[in-house]
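Reader: Could you take me through the reasoning behind the labels used for this model? I would like to see how each one is earned.

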Amino acid sequence: MSALAKAFTSSIGKKVIMSLTGLFLCSFLIVHLIGNFQLFSADQGLSFNLYSVFMTTNPLIKTVSYLLYASILFHAFKGLYLAYYNKKARPVDYALIDAKENSHWTSRNMGILGTIILVFIVVHMQGFWYEYKFGEVPYTKYQIELATGAISAEPFTGTIVDKSEEYMLGESTRVIIVKDLFKIVQNAFKQWWLVLFYVISMAALSFHLIHGFKSAFQSLGLNHSKYNGIINFIGVWGFGIVIPIGFAVMPLYFLFIY
């Protein structure tokens, strides 16, 4: 086995890889949240549907997506393995040390939190990504009046070559026909049990990120008294509170408001 292979399969090497994939997924969460904010646009779902087309057709985004899928699988299963390995290595808790006094609840339950998040990812990908790629997603025809910005929408039952088609109707009306993932999201989040599941999953994500973000920097040897304050602030308030709340608000919005 080469020195590089030994480094990455060692205990420290595994933590480094977990940290790098975890931070990569954190960056994805930011991009995904910003994109999903298109759901709140007052245009009958047009902005979100165009965003969905871009994310699934742009060559660079598609390439990064494969790296993302690999990172999710690696991070999830390696994390569960490490939790199992650590438990197996110490099957009996220390008698003289109270774990509750020496570690945070999140650090002792990363395996449970990770399992909830993994189940959520499977449900989320099956309900939206898989449905969008391989399911029977309806098309919607949008007409935008260029002079006023008024938008009208109606179901489209014809055939188009790709996920979207655009043309001008005269000189004043822009027509866009697009796969309507917005409607799939809207219908899905009218189910209270699914919304509840999403909110619970976002709570698990919050606790997972609060511990994981800070731990990633520690595993990479980047913890320093000069920077720990800002790292903890970003981990708790940014990734532990703002991002999970941002994702949780979306299903609640469709259930109670839209």
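Author: Happily; what follows takes a loop residue, some strands and a pocket in turn, and please keep in mind that the model is predicted.

Reader: Why is Gln44 called partly exposed?

Author: Gln44 has 39% relative accessibility. Buried means under 20% and exposed over 50%, so Gln44, in between, counts as partly exposed.

Reader: Where is Gln44 placed, and what is notable about its phi?

Author: Gln44 sits in the loop between helix 2 (11-36) and helix 3 (46-57). Its phi is near 60°, a positive value in a residue other than glycine. Most residues other than glycine have a negative phi.

Reader: How do you know that strand 1 and strand 2 pair?

Author: Pairing needs at least two bridges, and strand 1 (residues 139-145) and strand 2 (residues 151-156) have six, in the antiparallel sense. Ile144 stands opposite Ile151 there. The two strands form a hairpin with five residues between them, and Gly149 in the turn has a positive phi of about 80°.

Reader: What makes strand 4 a partner of strand 1?

Author: The same cut-off of at least two bridges applies; strand 1 and strand 4 (residues 173-179) are joined by seven, again antiparallel. Here Tyr142 faces Ile176.

Reader: How many residues of each class line the second largest pocket?

Author: The lining has 10 nonpolar, one polar and no charged residues. Tyr and Trp count as nonpolar, so Tyr69, Trp129 and Tyr130, which are among the lining residues, fall in that class. Helix 7 (110-134) gives the most, with seven residues. The pocket holds about 200 Å³ of space.

Terms used
Residues are numbered from 1 along each chain as its sequence is written. This is a predicted model: local features need pLDDT of at least 70, side-chain atom pairs count only at pLDDT 80 or more; totals for chains, interfaces and linings use all residues. Side-chain values use heavy atoms; hydrogens and water are left out. Helices (H or I, at least four residues) and strands (E, at least two) are DSSP runs, numbered from the N terminus. Buried means under 20% relative accessible area, exposed over 50%, partly exposed in between (1.4 Å probe, protein chains only). On a 1 Å grid over the protein atoms alone, a cavity is a set of points where a 1.4 Å probe fits but cannot get out, and a pocket is an open set with protein on both sides within 12 Å along at least five of seven lines; lining residues have an atom within 4 Å of a point. Grid points are joined across faces, edges and corners, and a volume is the space filled by probe spheres set on the points.
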